[in-house]
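Please work through the following exercises with the sequence and the coordinates open beside you. Each task is followed by a worked solution.

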Amino acid sequence: MSDALTIPTGPHASRGRVWLHALTEREEQGFGQSHSVLFADAPLGDIDARFIAVVPDPANRFPRARQGEVGLEQGWALANIVRQTIDAHRGGDERRRPIVAVVDVVGQAYGRREELMGIHLACAAAANAYAQARLAGHPVIALIVGHAMSGAFLAHGYQANRIVALDAPDVLIHAMGQAAAARITRRTVEQLAELGNRIPPMSYDIRNYAKLGLLDSLIEGVDADAPDAAAVQQVRKVLAGTLDSIRQDGVRDLSARYRSKEAQTTRAASIEVRKRLAEQW
Amino acid sequence: MNAQTDWKGFLARRSFIELDARERTIALLDAGSFREIVGPFDRLKSPWLPMQGIVAQADDGVVIARGTIDGEPAVVAAIESAYQGGSMGEVSGAKIAGALELALRDNENGIRTRAVLLLETGGVRLQEANLGLAAIAEIHAAIVALRRHVPVVGVIGGMVGCFGGMSLAAALCSYLIVTREARLGMNGPEVIEQEAGIEEIDSSDRALIWSLIGGEQRTRLGMVDALVEDDATQIAKQVRTTFALGIPKAYRCEALDTYLTRIGEVDTSKQLTGVQLATLWGNKGDSK
């Protein structure tokens, strides 16, 4: 690995593109006509993994899906790219190819065309493909390098065996953009931020998100916009360690998310609900 | 209502929409088989709403009912739209995800527990934001895992409709039943208008909204499996007919070539009406 990384810059730059390129050092491919969903296969630990990112596409023919949103084309493209990985598996080989969702998605595309043509189905197709990959035994990791917003995160990343994130400014996870959430809950953005500090699930901040027990690891001291070789190496190491841990426990569902230490306090209600359901079933 | 409407039948019907979540589960299960679990007396409420000065309801707006459908063991999860817009918080989300996980465990142990989801929801409860979103991801995971064993049937009765991350849950179900009053979309019209402007969508134009995402339009495009009247008896019957189909041979959310081609055919320089899109896509009906 050379010290001089070629970091894509200019109007097409995005953390998704930066990290996809840095982690794979490969020429990314688009799916079909789409320039907004890119993937590359590159080594991770002892095996080749498929890395996938959604990136801005200023000339996209869907005007509401030009800034890195997951829209109709992106949802179906993600589903295809993940599906290819599942279908490419040869019988006899016990190890399934890992999939790394490099997550920097500003949200789902909010538009009339999207609703009419079924963006819910496109996003479901992507979530379904990731879930099918996980159930088939492909280790799936979500690496959050920027925004992981709402339905876009459900489509691209939230079905992963493990979620890891960079501890860096503007790494955000939430159900709705701050401005829109403030309007809908009739609060100011400042009130929302204050609530987030007091009430962890309301927070946009990655450190508060880490308290929920949903995150497998938080990677500190990395420049998310312009990673140097050491940072890329550090992230690769975390991904390889995460891959090992997925293989070791062999669990293919999402139960790790409420078995974690943090979840015992923050998601106590999620755990209690499941306990009582089982008792009364 | 068109000229063929059976008015006697229409007047004699029992509206499904007018039933609350608990009554809807009773209407769907075999007579006398309803048993609610983790109900209001368990008092598992949202831990997060009182911190924000909002009164928490004792069932968090979701009813989980055990019983039978056509004599087979079943679980019905119903969202109460009258409470917080049917939004998914930590507890309500965990109730649905947990119920589906137990149905999966049953199936893995040879007990063919079937699942019905009554989806009446605006999506994530913003006051519980990330824990609501996480619960929805767990619901998605559980539907995909369970439907390999036994059909998961979704019903959108109306009038709230099914939005946000739960619209993905609807699309992941083995089968989807809707009424004309139902709406199925990812982003609510109000949110789109707020984010993209009134020239994109006028959320107060009800005729427009239903022409884009209403039950009838979703049926024209083949995005649902059955369109039914707002009639509890008919819906209960349709749920049974649907389970009798068994596990589908193919899933709509896996019709990758079909939808990429369809979307590729659309001229995105203009806004199409629902009827125009249905014509372009050839009124294909079910894509399964």
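The exercises below go from whole chains to single helices and residues.

The model is predicted, so that local features need pLDDT of at least 70 and side-chain atom pairs count only at pLDDT 80 or more, while totals for chains, interfaces and linings use all residues. Residues are numbered from 1 along each chain as its sequence is written, and chains are lettered from A and ligands numbered from 1 in the order in which they are written.

**Exercise 1. Describe the fold of each chain in overall terms.**

Solution. Begin with the secondary structure, where helices (H or I, at least four residues) and strands (E, at least two) are DSSP runs numbered from the N terminus. Chain A comes to 12 helices and eight strands, and chain B has 11 helices and seven strands.

Next, take the radius of gyration, which is computed over C-alpha atoms and set against a globule rule of 2.2 Å times the number of residues to the power 0.38. For chain B it is 19 Å, close to the 19 Å given by the rule for 288 residues, so chain B is as compact as a globular protein of that length. Chain A has 18 Å, in agreement with the value near 19 Å for a compact globule of 281 residues. Along the principal axes, the C-alpha trace of chain B spans about 55 × 45 × 40 Å, and the C-alpha atoms of chain A fill a box of roughly 45 × 45 × 40 Å.

Then consider burial, for which a residue is buried if 20 or more other C-beta atoms lie within 10 Å of its own, exposed if 12 or fewer, and partly exposed in between, with C-beta atoms placed from the backbone. Buried residues make up 55% of the 281 residues in chain A and 58% of the 288 residues in chain B.

Finally, look at contacts, meaning pairs of residues whose C-beta atoms, placed from the backbone, lie within 7 Å. Among contacts in chain A between residues at least 6 apart in sequence, 69% join residues at least 24 apart.

**Exercise 2. Determine which side of H9(A) is buried and what it packs against.**

Solution. Helix H9 of chain A covers residues 229–249 and, with 21 residues, reaches 31 Å from its first C-alpha to its last, close to the expected 30 Å (1.5 Å times one less than its number of residues). Its buried residues are A:Ala231, A:Val235, A:Leu239, A:Thr242, A:Leu243 and A:Ile246. They cover an arc of only 115° around the axis, taken over the directions from the helix axis to the C-beta atoms, and therefore lie on the same side of H9(A).

The face turned away from this buried side carries the exposed residues A:Ala230, A:Gln233, A:Lys237 and A:Gln248. The packing partners of the buried residues include helix H1 (15–24), strand S2 (37–44) and strand S4 (99–105) of chain A. Just after H9(A), A:Gly250 takes a positive phi of about 65°.

**Exercise 3. Locate the largest nonpolar core and the helix that gives the most to it.**

Solution. A nonpolar core is a set of buried Ala, Val, Leu, Ile, Met, Phe, Trp, Tyr and Cys residues joined through C-beta atoms within 7 Å. The largest has 189 residues, and those with the most contacts inside it are A:Val102, A:Cys123, A:Leu143, A:Ile144 and B:Leu100. Helix H4 of chain B (residues 129–146) gives the most to this core, with 14 residues. All 18 of the 18 residues of H4(B) are buried.

For A:Val102, contacts beyond four places in sequence include A:Trp19, A:Phe51, A:Leu143 and A:Val145.

**Exercise 4. Characterise the side of chain A that touches chain B.**

Solution. The contact takes 65 residues from chain A and 66 residues from chain B. H4(A) gives the most to the side of chain A that touches chain B, with 11 residues. The residues of this side divide into 36 nonpolar, 15 polar and 14 charged, where Ala, Val, Leu, Ile, Met, Phe, Trp, Tyr, Cys and Pro count as nonpolar, Asp, Glu, Lys and Arg as charged, and the others, Gly among them, as polar.

**Exercise 5. Is B:Gly93 buried or exposed, and which residues does B:Gly93 touch?**

Solution. B:Gly93 lies in helix H3 (residues 90–108) of chain B. B:Gly93 is buried, because 30 other C-beta atoms lie within 10 Å. Not counting residues up to four places away in sequence, B:Gly93 touches B:Met88, B:Gly132, B:Ala135, B:Ile136 and B:Ile139.

Terms used
Two residues are in contact if their C-beta atoms, placed from the backbone, lie within 7 Å.
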